[in-house]
Amino acid sequence: MSQSPVARIAILYPWTNFREQRAGAAIRCNLLARFLSEYADVRVLQCGPNGATPFGRFMVEDVREPTLEILPRRLFRLPF
């Protein structure tokens, strides 16, 4: 039986409260990240100055806001 390739998933979370889980969006994204982390390597990118920290079975990385604004534009320029 051959192993399937490792899947990598990035979740772009545009607010700073992913770790605190006080808002509805943060709670839902945490549930999604926990579920997906059972099957893939998951990283969550959120606005903030703290850098990368492990959060359960996945990583949460804080990035500066301009990076999050530019990232979707770069992704959609790639040929599919």
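In strand β4, the residue that serves as bridge partner of P54 is M59, and this pair belongs to the antiparallel pairing of β3 with β4, which extends over 4 bridges, two strands being taken as paired if DSSP finds at least two bridges between them. The strands (E, at least two residues) and the helices (H or I, at least four residues) are DSSP runs, numbered from the N terminus. β3 and β4 form a hairpin with 2 residues between them, and in the turn G56 has a positive phi of about 75 degrees. The model under discussion is predicted, so that local features require a pLDDT of at least 70 and side-chain atom pairs are counted only at pLDDT 80 or more, whereas totals for chains, interfaces and linings use all residues. Residues are numbered from 1 along each chain as its sequence is written, and side-chain values use heavy atoms, with hydrogens and water left out.

The secondary structure of the protein comes to 2 helices and 4 strands, and the elements follow one another from the N terminus in the order β-α-β-β-β-α. The pLDDT, which is the predictor's confidence in each residue on a scale from 0 to 100, averages 81 over the protein, with 74% of the residues scoring at least 70. Among the elements, helix α2 (residues 65-77) has the lowest mean pLDDT, 62, and α1 has the highest, 95. Where pLDDT is low, the predicted coordinates should not be read in detail. Of the 80 residues in the protein, 26% are buried, a term that denotes a relative accessible area under 20%, with exposed meaning over 50% and partly exposed in between (1.4 Å probe, protein chains only). Among the contacts (heavy atoms within 4.5 Å) with a separation of 6 or more, 46% are made by residues 24 or more positions apart.

Strand β2 is joined to β1 by 6 bridges, the two strands running parallel, and within this pairing the bridge partner of L12 is L45 of β2. The chain crosses from β1 through α1 to β2, and this β-α-β crossover is right-handed, in the sense that, with the strands pointing away from the viewer, the path from the first strand over the helix to the second runs clockwise. β2 also pairs with β4, again in the parallel sense, over 5 bridges, and the bridge partner of Q46 in β4 is D62. Because 5 of the 7 residues of β2 are buried, this strand is largely enclosed by the rest of the structure.

Helix α1 (residues 24-37) has 14 residues and reaches 20 Å from its first C-alpha to its last, close to the 20 Å expected at 1.5 Å a residue, where the expected span is 1.5 Å times one less than the number of residues. In α1, the residues A26, C29, N30, A33 and S37 are buried. They cover an arc of only 105 degrees around the axis, which puts them on the same side of α1; the arc is that of the directions from the helix axis to the C-beta atoms. An α-helix has 3.6 residues a turn, so residues three or four places apart point the same way. The buried residues of α1 pack against β1 (8-13), β2 (41-47), β3 (52-55) and β4, whereas R28 and L31, on the other side of the helix, are exposed.

Within α1, A26 is buried, with a relative accessible area of 0%. Leaving aside neighbours within four places in sequence, A26 is in contact with Y13, N17, F18 and Q21, and A26 and W15, 11 residues apart in sequence, are separated by 8.6 Å from C-alpha to C-alpha. Q21 itself is found in the loop between β1 and α1 and is partly exposed, with a relative accessible area of 27%. Although Q21 is not a glycine, it has a positive phi of about 55 degrees. Most residues other than glycine have a negative phi.

Two further strand residues were examined for their surroundings. E61 lies in strand β4 (residues 58-63) and counts as buried at 19% relative accessibility; apart from neighbours within four places in sequence, E61 is in contact with R43, V44, L45, Q46, G51 and A52. T53, which lies in strand β3, counts as partly exposed at 26% relative accessibility, and T53 touches R19, F58, M59 and V60, not counting residues up to four places away in sequence.
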